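Thanks for coming. I will take a few minutes on one structure, starting with strand pairing and ending at the ligand.

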Amino acid sequence: MFVDHLKVYAKAGDGGNGAVHWVRHKYVPKGGPDGGDGGRGGNVVLRVDHHTDSLRTLFFKPKAVAEAGQAGARQNKTGRNGKHFLVKVPAGTLVHQVNEDGEKGELVADLTRDGEEFVLCEGGKGGRGNEHFKSSTNRAPAEAEPGQPGQEGWYFFELRKIADAGMVGFPNAGKSSLVAALSAARPKIAAYPFTTLQPMVGVIEYPGFMRATVADIPGLIEGAHANRGLGHEFLRHIMRCRVLLFVLDMAASDGREPWDDLASLRTEVSLYSDELAQRPWLIVANKLDVEGSRARLKILKQRFKKIEIIESSTLGDPGVDALKARLQTLASRPR
Ligand SMILES: Nc1nc2c(ncn2[C@@H]2O[C@H](COP(=O)(O)OP(=O)(O)OP(=O)(O)O)[C@@H](O)[C@H]2O)c(=O)[nH]1
Ligand SMILES: [Mg+2]
């Protein structure tokens with residue numbers, strides 16, 4: 001199961017109360033105050049972990065509650081601090097506050113790097129014990145501070161994968177086949193639509209430790225913005241890609257012409273987000289090994305003279321070398 005957005009309740013631990021206590025010894029009848037301070041409440045901490053690829057664990061338990069600090073004790077003993085509560089999240093996790101109307105509010109965290117940590121809710125400070133309240137005029141204070149409450153709130157967690165390039169295409173266009181041909185990733189590939197049900201990122205390695213990443217998402221169909229097919233929900237995962245690759249089936253395997261597909265895909269993307277529609281994009285003309293596809297390529301080139309078209313096939317000529325090389329130049333530009 002792939003979970004990429006949900007609401008989560010988070011609460012840091014309350015601080016422990018300060019203690020009111022008096023020194024008691026056999027031979028000291030009127031001992032002074034010796035109540036210790038309360039411990040700090042634990043924090044709710046988010047950490048980016050590369051073994052985590054979705055928000056699934058939070059889905060089963062959408063609560064992140066850290067331990068409270070312990071109360072102070074006699075002999076000026078400070079209470080133990082509460083344990084932090086650690087939430088492992090994938091890179092590309094965004095956290096927004098949830099407004100009073102239940103809507104997505106202000107952005108609080110944007111976690112992108114592996115190992116990166118963020119304190120979502122801070123634990124409450126422990127209260128001071130009565131030992132702290134003695135003064136020249138009050139040698140036997142019976143007051144101590146309560147611990148402060150830990151921060152709490154509802155948050156909207158959302159995953160948006162991060163990659164250099166994001167693939168957009170109708171089901172069956174060959175997006176997953178391209179990722180498999182370019183990288184070590186092994187996505188499911190099949191001759192029926194909606195084979196890919198969850199987004200993934202393939203890493204393409206080049207000599208000299210260079211890498212480029214490409215995101216594969218489920219196929220889009222016309223009306224996706226109105227939630228036809230798997231809906232446009234998955235477009236969130238290419239919101240962070242620098243370049244969009246529009247993958248077209250030049251063999252017209254499913255009876256649609258590639259230029260019509262391109263027009264529909266462009267429409268769906270702009271209906272999803274203006275920002276995404278303005279992202280640099282190019283065409284990957286795929287399945288060029290199939291008879292008849294070259295004739296369509298000619299027409300496509302005539303119709304989209306100004307758009308870059310990369311020729312490819314995952315099963316024969318011309319292969320995927322041109323795409324691989326192009327992705328390298330795209331990835332090596334500064335971010
Ligand atoms: N002849 C030919 N077939 C291809 C090529 N690339 C992919 N295919 C075939 O097209 C079918 C669909 O490929 P996928 O890679 O699963 O397509 P997809 O775009 O990921 O599809 P969804 O995940 O459903 O959106 C499979 O049967 C592939 O073997 C190609 O270059 N040439
Ligand atoms: Mg696929």
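Two strands count as paired here if DSSP finds at least two bridges between them. With that in hand, note that this is a predicted model, and look at strand 1.

Strand 1 covers residues 5–11. Its parallel partner is strand 3, residues 63–65, and the two share three bridges. At one of those positions, K11 stands opposite V65 of strand 3. Strand 1 also pairs with strand 8, residues 152–159, this time in the antiparallel sense and over seven bridges. There, Y9 has W154 of strand 8 as its bridge partner.

Now to ligand 1. Which residues come nearest to ligand 1? They are G174, S176, S177, T196 and G219, out of 24 residues around the ligand. By character, the shell divides into eleven polar, ten nonpolar and three charged residues. The element that gives the most to this shell is helix 2, residues 175–182, with three residues.

So is helix 2 buried or exposed? Seven of its eight residues are buried, which means that the helix is largely enclosed by the rest of the structure. The buried ones are K175, S176, S177, L178, V179, A181 and L182. S176 and S177 therefore appear on both lists: buried in helix 2, and among the residues that come nearest to ligand 1.

As for what covers the buried residues of helix 2, the cover includes strand 9 (165–169), strand 10 (200–206), strand 11 (210–216), strand 12 (243–249) and strand 13 (281–286). Helix 6, residues 321–332, is also part of that cover.

That is what I have for today.

Conventions:
Residues numbered from 1 in each chain as written. Chains lettered and ligands numbered in written order. Predicted model: local features only at pLDDT ≥ 70, side-chain atom pairs only at ≥ 80, totals over all residues. Helix = DSSP H or I, 4+ residues; strand = E, 2+ residues; numbered from the N terminus. Near = placed C-beta within 6 Å. Nonpolar A, V, L, I, M, F, W, Y, C, P; charged D, E, K, R; others polar. Buried ≥ 20, exposed ≤ 12 C-beta atoms within 10 Å, placed from the backbone. Contact = placed C-beta atoms within 7 Å.
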